[in-house]
Amino acid sequence: MKTIIVCLMLGITLSFQAQNFKYGKVSEEELKETINPNDTSANATVLYKKHDVRFEYRESDGFVQIVEVHERIKIYNNEGFNWATKKIRLYNRSASNSEDLQELKGYTYNLVDGDVEKEKLKKDGIFEEIANKYWKYKSFTMPNVKAGSVIEYVYEIMSPYTQIDDIYFQYSIPIKTYELRVSTPEYLVYNNLLNPRAAYVPNLVNSKANKSITFTSKQSNGTGAGASTFSSSKSNYLDNVISCNATNVPALKDEPLVDNLDNYASKLIMELSMTTFPNTPYKTYSTSWEQITKNIYDDPDFGDQLSKTNYFDEDVDALISGVTNPIEKAALIFDFVKSKVKWNEFYGFTSESGVKKAYNDGSGNSADINLMLISMLRYAGINANPVLISTKNNGIPLFPTRQGFNYVICIIQGDGFSALLDATESYSTFNTLPLRTLNWQGRLILDNGRSTWIELQPNVVSSDVTYLNAKINPDFSIEGKIRNQKTDYVAKQFRNRFADANPEEYIKYVERNNGELVVSELEIENARNVSQPINLTYNYSTTNEIEEVGDNLYFTPMLFLASEENPFKAEKRSYPIDLSYPFNDKYVINIMLPEGYEVESIPQSKKIQFNEGQGEFTYLVNENGRFLQLTINFEMKTSLVLSNDYEIFKNFYTSIIETQAEKIMLKKI
C-alpha cells in the first residue's frame, strides 16, 4: 500500500512538472517567484528550455534540419527586461538556399489581482533585418513585460544545411530545467566536442533510435486519365541521439577584462565529418586548416578580388609617383584606402559586393576594404598577403571549418620587416590593429593558396609617459603643468575617443570625479597624425589634494592621476585576464614644497615583480631640498594573465594601488 501511494505521489509530481512545462500553461507559483534561490543576484531565470534538433527526409530536398526551441523565462526586475527580446541569426544566401523561422508564437504572463493574465506576441513585435548577403536576423520583443512577468515563446528553424549551430547550455542567467535532444541520421556522421574551456560540463547521453523513410514512386500504365499508379517503399535507418536533462545550470558570470565570455560558455560543438548514404561513395568533410584556407582562396569573392586592379590603377600610380621606398609606398596606400572606403561595420572574409563596387561607393565590409588594400599593395610591388582571423566576438575555432574565420586583415613583409594592417579604422597604424582582431592566431594565405599560422598578439610595448610638475601654494592649493606622450595602442585608443571630439571633451574627462580640479590651456599635438605619438600639455589647479592635520600636511604624490579602484576584487577567477596589449605607464613627478614646511616622511622606494618579470612596478623617491622627485613605472610585458596566476596578479596589482595611495607627510618648521 505504501509503495502504491509513493508511486501515485510521484506520478502526480511528474504530471505537475510536465504541465508546468507545456506551452501556455504557466503556474501561479512561477509568477509569484521573486528571486532564484540558487542565484539571488540573477535579474532573470530560464525556468525551462527545450532544444530539439532533428532531420526530416523530404523526397524533393533530401534531409532537412529542423531546430525546435521552447523557452520560458522569469523576469525578476527591470534589469532583466532585456531577456524579453530575442534575436535569431538565419543564413540567407538565396530564396531556395536559406534558413527560415517558422511557427513563432509567444505569450507574456502577469499576475493581476490573483489572476493569471496573458498577452499574445503580435506581428508588430516581430522584426526582420538583413545583415548582408549571407545573413539576416529575425527578432521579437515580448509585449507588456513588467517586473515579475513570465515570458514564453516557441519557434522552429528550417534549414537546408547539415551544419549544426553550436548548442549552448549556459546563459548569463541561470537555467532551472534544460532538455536537449539532437537526432542525426546515421548517414550524417559528426564529430562532437564539449567546449574544453567551460567550467560547467553537462551529462550527455548517447543512444540510437529506429527511423524510416517512405519513398513514393509513380508509374505510367498507358495514356489517358487514370493511366498512372503509385507505389511506396520503406527504408529503415538509425538515428544517433544525443540527449541531456539538466537542472540548475549555473549562470555564466562575467568578469573584468575577459576577451570574450562566450569562449568559456558550456556548449556542444558538432562538425559534420562524413556522409555515408546508401549506394553512394562516402564523402569526408573533416579537413585540415590548409584545405579550408585553400578553398577560401579559390572562392571568387576572395581570391578573384585580389587580382582586380583596373578600378584603382590610375589613382595608385598618381599616389606613389616618385616614391621608391617600399615602406613609404605602403604607408601612402594604407592611408589612401582608409580615407577612400569607409567600413560599413559588417564582418567578413569574403567580399560583400565586390571590391570595385566598394571602391566606387566608398563603403564596404572588412573584406572589401582589406582585400582591396592587399591588391593595391601588390600592384605597387609590395609583398602583401591576406590573413584570415576569428575576431574576439567570434571565439576561438576548435575545428577546421570556414565558420572558424569571420574577418580578414593584411600582412606586408620585406627584408627584416613585417607589419599587420587593417584599413577599417582611421587611426589604425602598422601593427596597431583594432582590438577586436587581437584574438590568438591568424591564418596567413600566400598567393598560391598555401597557408600557415601567425601570432596576432602585439609584442611592442605601448607607452603612456606623464611628466607632472606641482607647486604647493601657501593656501595649500596645488598648481602645475602636465606633459603626456602616448604611443601605439595607447595613442590609438586616445584618437578613437578624442581626436574628432571638441577639446573640451578631454578636459571634462580629466576633471570628472576629481573635485576641485580645473584644467586649462590644453594643447594636443598629432591628434590625427598617426605616424607620430600623441603629445598633450595642460595646466591644472586643485584645492582638495592636501589634508591639513594640526601642523602636518598629507598628500599623495600622484595627486589626481593615481588609480583609486582595483578591478580585481574577487577571491577567485575563472577566466584569463585580457589586457589587450603590453604596456608601460610611466610618471615622472617633481613637487615644490611650500615655504615653512619640510618632509617628515615619504613612501619607501620599492620594486615589485609579477611572474619573474612579466610585470614590474618600480617606485623611486628622491628628496632634494624643497623638491621631491618621483619616478613611477608600471610595465606589463604580456597581454594575457592566466586564471591560474590570478591570485598572484591580484596581489601584485593590489600592492600597486596601495603604493600609489601612500601619503607624503610634511611638518611645519
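Me: Leaving aside its neighbours within four places in sequence, which residues is E352 in contact with?
Reply: In this predicted model, E352 sits in the loop that runs between β16 (342-343) and α7 (355-361). Once its neighbours within four places in sequence are left aside, the residues in contact with E352 are A131, N132, K133, N344, F346, N365 and D368.

Me: Is E352 buried or exposed?
Reply: The side chain of E352 takes part in a polar contact of 3.2 Å with the side chain of N344. The relative accessibility of E352 is 16%, and because the cut-off for the term is under 20%, E352 counts as buried.

Me: Which helix gives the largest share of the largest nonpolar core?
Reply: That core has 69 residues, and those with the most contacts inside it are Y538, Y540, I591, M636, F649, F652 and L666. Six of the core's residues come from a helix spanning residues 646-661, and this largest share belongs to α11.

Me: How many residues are in the other core, the one with L90, Y155, Y178 and L268 among them?
Reply: This core lies apart from the largest nonpolar core, and L90, Y155, Y178 and L268 are among its members. In soluble globular proteins, nonpolar side chains tend to be buried together. The number of residues in this other core is 44.

Me: Over which residues does pLDDT stay under 50?
Reply: The protein chain has an average pLDDT of 92, with 94% of the residues scoring at least 70. Where pLDDT is low, the predicted coordinates should not be read in detail. The stretch where pLDDT stays under 50, for which the model has one contact beyond four places in sequence, is residues 1-19.

Notes
Residues numbered from 1 in each chain as written. Predicted model: local features only at pLDDT ≥ 70, side-chain atom pairs only at ≥ 80, totals over all residues. Heavy atoms only, no water. Helix = DSSP H or I, 4+ residues; strand = E, 2+ residues; numbered from the N terminus. Buried < 20%, exposed > 50% of the residue type's maximum accessible area, 1.4 Å probe, protein only. Polar contact = N/O pair within 3.5 Å; in protein donor to acceptor, adjacent residues only side chain to side chain. Contact = heavy atoms within 4.5 Å. pLDDT = per-residue confidence, 0-100. Core = buried A, V, L, I, M, F, W, Y, C linked by side-chain atoms within 4.5 Å.
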